[in-house]
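Please open the model in a viewer and keep the sequence panel beside it. The stops below are arranged so that each selection leads to the next.

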Amino acid sequence: MATLQQLLHDRLAAAFASVAGEPVDPSLRRSQHADFQADAALGLARRLRGNPRQIAADVVGRTRWDDLCAAVEVSGPGFINLTLADDALGALLGAANADDRLGVPLAAEPETVVVDYSAPNVAKEMHVGHLRSTVIGDSVVRLLEWLGHRVIRANHLGDWGTPFGMLIEHLLDLGGAEAAHELSLGDLNTFYQAARAKFDSDEDFKTRARNRVVALQGGDEQTVRLWRLLVQESEKYFLSVYDRLDVRLTGADFFGESAYNDMLPQVLAELDRLGLLRESDGARVVFPAGFTNREGEPLPLIVRKRDGGFGYPATDLAAIRHRLHTLHATRLLYVVGLPQRQHFEMVYEVAREAGWLRPPARAEHVGFGSVLGPDGKVFRTRAGATVKLIDLVDEAVARAAALIEEKNPDLDATERAELARTVGIGAVKYADLSNDRTRDYVFDWDRMLSLEGNTAPYLQYARARIESIFRRGATAPDRSRRTVTVAAPAEHALALHLLAFPEIVAETAESLDLHQLTGYLFRLATLFTSFYEQCPVLRAEDDVRASRLVLCDLTARTLARGLDLLGIGAPRRM
RNA sequence: GCGCCCGUAGCUCAGCGGAUAGAGCAGGGGACUUCUAAUCCCAAGGCCGCAGGUUCGAAUCCUGCCGGGCGCACCA
């Protein structure tokens, strides 16, 4: 099923090609002066040594338009303005109505995509820093899965490294039962900080911790058992947070750093065999091309530390190799904060130099900025501590509950509680996703939970109002209806926007800029409410009523689908 | 010092080669006996950090400044 934009594009491209004698990108875009505009005549004018207006006129005259457009005019210095015919919009809406996927095609060539995201650390609390990675990663996963790709969720759990010496010793000090209790309560900060404090102040403890790391790395049975306990309890806790956040990560998605331990020596050996490995200050490193340090000298990626241990660069190399060679992924996504950009660029470069990362496979750092508090600094509690992710979720739900109580006291307690969850969590996720990923954003409860403006509740409310129309009319959506009458300006504008959904989804899947999708949905909701104010649905008659019901249904489905791709629920009543 | 990101309306942000730069919030003015007013409509609000350059055309691309954030070998 061709999209509206494709139909226009193809026809314009053919007309331009026949005028220019070569392929031309018609440069088609939405316009303020008409529904669409094509700007290619301006750029073509010099090459053809012609007048841009004349070229545009030739293009327009070269093909028929009346089946798609109500008006096609040359305007200004040579823009081609296209106004869609209501009949054409109606027919396309009819096709979308009959399609479960709202006109969005499955990927022609499904890929295997690994999405690396969330990545909390064992025995450490999840905090706002994990919010963006988790929320953005979850949306990326939903989007790519819906498009038919094979998506592997890789939760790169921090479950290995030197801190485990002190954590295990602290666990022993506490006793297994008490430790498990503390951890299962999600009181990870207390646990970690207590261990840290002893490590810093108690020489004896420090020595035990160091020995314990050696025992762990050596595979000492008792130590490994204790380590597993820590990992298991933490995973349980993380899963409860994911559940509260309504995120799709499961226990099967934990791919901890330790999972790559056995591969590290192989990675080292292979890099050596490929001649990429260098000895530097006792460490075994690779110098990827194009990176320099403070002094302008080549910057190394340390594969094996001077002390013989492997650090996170080694793990990342093992992971990228595994994802390419064993999982056969062609798209590797790393949803990790922007400060780690250079590190990942270095890992990718090494992977390219080693011949592991080759087209069509590519790796993308899906970087993101920080969450800031009202003061413009990194978001913290008033006391200056990092904000626990679970506390954030709880507060969002509590605030949403208060709001719902105030706005709609008629709902019964059960529905209200469920709604508070959907609205509260949706607000937090949407506030995150609606900002440009690469920029910092200011966390503001009042704004994200407002029913006005570009917020989740506003979109959810639009959806709920539509459902209310069907309830009030005691009628169900007619998905078999293939023709829709479009007449009023508000209907025309809404129709045009509904038909742009496939393009937006495709662009978002490519750029992974989720705010493109949120912007689209917000615009859809405003166009709908405008239509809602101007065009009575249930009181209209026959064909108009039926057509408007299809517009309502398509809008509701698009909103619900779009929100679902963002990991946000769309209640039928609120 | 080098590298990456960012300076757009009072505030929070879109736009990243095309016509008069758009939203939302806040502030101003209107609209509810009518499908959820948790809404809508109207008006107002801008040396797009500064200076050059490329282009038929620059907020958008290039260069240089100014201002802010982050990163730059054995913590992840």
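A salt bridge is here a side-chain nitrogen of Lys or Arg within 4 Å of a carboxyl oxygen of Asp or Glu. The model under inspection is predicted.

**Stop one: the domains of chain A**

Begin by colouring chain A by its domain assignment, which gives domain 1 (4-84), domain 2 (112-157 + 257-365), domain 3 (163-250), domain 4 (389-448) and domain 5 (456-565). Domain 2 is thus written as two segments, 112-157 and 257-365.

**Stop two: domain 3 against domain 4**

Select domain 3 and domain 4 together; their C-alpha centres lie 32 Å apart. Seven residues of domain 3 contact seven residues of domain 4. Between the two domains about 670 Å² is buried, and carbon and sulfur atoms give 58% of that area. Show Val241, Arg244 and Leu245 as sticks: these supply 77% of what domain 3 buries against domain 4, more than any other three residues.

How many salt bridges does the rule find across the interface of domain 3 and domain 4? The rule finds one. To view a salt bridge, display Arg244 with Asp394, whose side chains meet at 2.1 Å, N to O. Side chains of opposite charge can pair when their charged atoms come close. Polar contacts between domain 3 and domain 4 amount to four residue pairs. On the side of domain 3 that touches domain 4, the residues divide into four nonpolar, no polar and three charged.

**Stop three: RNA strand B**

Next select RNA strand B and the 64 residues around it, of which Lys305, Tyr312, Leu451, Tyr461 and Arg465 come nearest. Sugar and phosphate make up 54% of the strand's atoms that come within 4 Å of the protein. By class, the protein surface near RNA strand B comprises 22 nonpolar, 21 polar and 21 charged residues.

Which helix gives the most to this surface near RNA strand B? Helix 17 does, with eight residues. Helix 17 spans 456-472, and other elements that each supply at least two residues include helix 2 (40-48), helix 13 (341-353) and helix 20 (514-534). Strand 4 (79-84) and strand 13 (441-442) are also among these elements.

Three individual approaches merit a close view. At Arg465, a polar side-chain atom lies 2.2 Å from a phosphate oxygen of RNA strand B. At Ser280, a polar side-chain atom is placed 2.5 Å from a base nitrogen of the RNA. At Val537, by contrast, the atom to display is a polar backbone atom, 3.0 Å from a base nitrogen of RNA strand B.

**Stop four: Arg481**

Move to Arg481, in the loop between helix 17 and helix 18 (489-498). The Arg481 side chain reaches the backbone oxygen of Thr483 at 3.0 Å. Leaving aside residues up to four places away in sequence, Arg481 touches Gly94, Asn97, Asp543, Ala546, Ser547 and Val550.

**Stop five: a link between helix 5 and helix 21**

A search of the whole structure finds 40 salt bridges. Select the pair Asp564 and Arg142, where the closest N and O atoms are 3.5 Å apart. Asp564 belongs to helix 21 (residues 542-565) and Arg142 to helix 5 (residues 128-146), so this pair ties together parts that are 422 residues apart in sequence.

**Stop six: two details of the backbone**

Finish with the main chain. Is the peptide bond from Pro359 to Pro360 cis or trans? The bond is cis, with omega near 5 degrees. Pro360 is situated in the loop between helix 13 and strand 11 (362-365).

Then select Ala119, which has a positive phi of about 45 degrees although it is not a glycine. Ala119 sits in the loop between strand 5 (112-116) and helix 5.

Definitions and conventions
Residues are numbered from 1 along each chain as its sequence is written. Chains are lettered from A and ligands numbered from 1 in the order in which they are written. This is a predicted model: local features need pLDDT of at least 70, side-chain atom pairs count only at pLDDT 80 or more; totals for chains, interfaces and linings use all residues. Side-chain values use heavy atoms; hydrogens and water are left out. Domain bounds come from an automatic or database domain assignment. Contact means heavy atoms within 4.5 Å. Buried area is the accessible area (1.4 Å probe) that two parts lose on being put together, summed over both. A polar contact is a pair of N or O atoms within 3.5 Å; within protein, one must be able to donate a hydrogen and the other to accept it, and residues adjacent in sequence count only if both atoms are side-chain atoms. Ala, Val, Leu, Ile, Met, Phe, Trp, Tyr, Cys and Pro count as nonpolar, Asp, Glu, Lys and Arg as charged, and the others, Gly among them, as polar. A residue is near a molecule or strand if one of its heavy atoms lies within 4 Å of it. Helices (H or I, at least four residues) and strands (E, at least two) are DSSP runs, numbered from the N terminus.
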